[in-house]
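Biologist: I am new to this structure. Could you show me how to read its features, one at a time?

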Amino acid sequence: NTYTIDNQEVDVVFNLFYRIQPDKVAFVYQNVQDYKERLFNMAIDRLKSEMGKVNVQHVAEQRGKIRDKITEVLVKDADDLGLLVVDFQLTNIEYTKSFRTAVEGAAAAKATVETREQERIQAMKIAERAKIDAEGKANAAREEAKGKADAIDSVAKAEARAIQVKGEATAAAMRAQAD
């Protein structure tokens, strides 16, 4: 059991593999008979030291880095005891129930936000399509009205021209009679 830099409690299960260095067997049995307990306590101390440098939110992503730092320190410190650290593994990291609940809540909130964002984007696309359709219908109606206006204008001009030509012909006939 240890705490992270942001005072979050974490339970860590680890495995420590070691052996007594062959050339230091006599030294270990004469001077460090409690080497197992000392190595275990050393591993716990180094674990707590490294975990205390990390924010609880980053423990999972930095697990390998934490393990490597602890292993590096243990290899050096265990050498003073005549031991060779072969491997150190963080086999399980257990967070508090309140932290897991908070993470689940944050994940649910994030999913909700992402869903709402997708819905907003979809609504914008639908609105854009409706706008384009409305503009298309308005343009078609304008063109149709313009076509009808052009047709009426053409008919009016043709009728005016016909009246003018008829009037000129009548005037010419009257001038001819007068002459």
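Modeller: Start with one pair of facing residues. Val 10 has Tyr 95 as its bridge partner in β3. Keep in mind that this is a predicted model.

Biologist: What is the bridge partner of Thr 2 in β2?

Modeller: Thr 2 is partnered by Val 10 in β2. Val 10 also has the partner Tyr 95 in β3. Two bridges join β1 to β2, and these strands run antiparallel.

Biologist: Which residue takes a positive phi in the hairpin of β1 and β2?

Modeller: Asn 7 does, with a phi near 60 degrees. The hairpin has five residues between its strands.

Biologist: How many bridges pair β2 and β3?

Modeller: Eleven bridges pair them, in the antiparallel sense. Phe 17, for one, stands opposite Asp 87 in β3.

Biologist: In what order do the three strands form the sheet?

Modeller: The order is β1-β2-β3. The sheet is open, and its pairing is antiparallel. At the edges are β1 (2–3) and β3, each of which pairs on one side only.

Biologist: Which helix packs on the sheet, touching β2 and β3?

Modeller: Helix α3 does. Its direction makes about 145 degrees with that of β3.

Biologist: How do I check the span of helix α3?

Modeller: Use the rise of 1.5 Å a residue. Helix α3 covers residues 63–79, which is 17 residues, so it should span 24 Å. Its end C-alpha atoms are 24 Å apart, and that agrees.

Biologist: Next, burial. Which residues of α3 are buried?

Modeller: The general idea comes first. An α-helix has 3.6 residues a turn, so residues three or four places apart point the same way. Now the case here. The buried residues of α3 are Ile 66, Ile 70, Thr 71, Leu 74, Asp 77 and Ala 78. Viewed down the axis of α3, they fall within an arc of 140 degrees, so they line one face of the helix.

Biologist: What do the buried residues of α3 pack against?

Modeller: They pack against three elements: β2 (9–20), α2 (35–51) and β3 (83–95).

Biologist: Which exposed residues does the face turned away from the buried side of α3 carry?

Modeller: That face carries Glu 72 and Lys 76.

Biologist: Asp 77 was on the buried list. Why does Asp 77 count as buried?

Modeller: The cut-off for buried is under 20% relative accessible area. Asp 77 has 18%, so it counts as buried. Leaving aside neighbours within four places in sequence, Asp 77 is in contact with Met 42 and Arg 46.

Biologist: Let us turn to charges. How many salt bridges are there?

Modeller: Again, the idea first. Side chains of opposite charge can pair when their charged atoms come close. In this model the count comes to ten salt bridges. One of them joins the side chains of Asp 45 and Arg 46, at 2.8 Å from N to O. Asp 45 is partly exposed, with 43% relative accessibility.

Biologist: Which residue meets Glu 50 in a salt bridge?

Modeller: Lys 53 does, at 3.1 Å from N to O. Glu 50 lies in helix α2.

Biologist: Are these two buried or exposed? Take Glu 50 and then Lys 53.

Modeller: Glu 50 counts as buried, at 9% relative accessibility. Lys 53 is exposed, with a relative accessible area of 53%. Not counting residues up to four places away in sequence, Glu 50 touches Ile 66, Lys 69 and Ile 70. Of these, Ile 66 and Ile 70 are among the buried residues of α3.

Biologist: What about a salt bridge along a helix? Where does Glu 144 sit relative to Lys 148?

Modeller: Both are in helix α4 (residues 97–178). They are four residues apart, so about one helical turn separates them. They form a salt bridge, with the closest N and O atoms 3.4 Å apart. Glu 144 is partly exposed, at 48% relative accessible area. Lys 148 counts as exposed, at 51%.

Biologist: Which residues are joined into one network by salt bridges that share partners?

Modeller: Asp 45, Arg 46 and Asp 77 are. You have met Asp 77 already, as a residue of helix α3.

Note on methods: Residues numbered from 1 in each chain as written. Predicted model: local features only at pLDDT ≥ 70, side-chain atom pairs only at ≥ 80, totals over all residues. Heavy atoms only, no water. Expected span 1.5 Å × (residues − 1). Buried < 20%, exposed > 50% of the residue type's maximum accessible area, 1.4 Å probe, protein only. Arc of directions from axis to C-beta. Contact = heavy atoms within 4.5 Å. Salt bridge = Lys/Arg side-chain N within 4 Å of Asp/Glu carboxyl O. Pairing = 2+ DSSP bridges. Axes fitted to C-alpha atoms, helices over the stretch in contact; angles between N-to-C directions.
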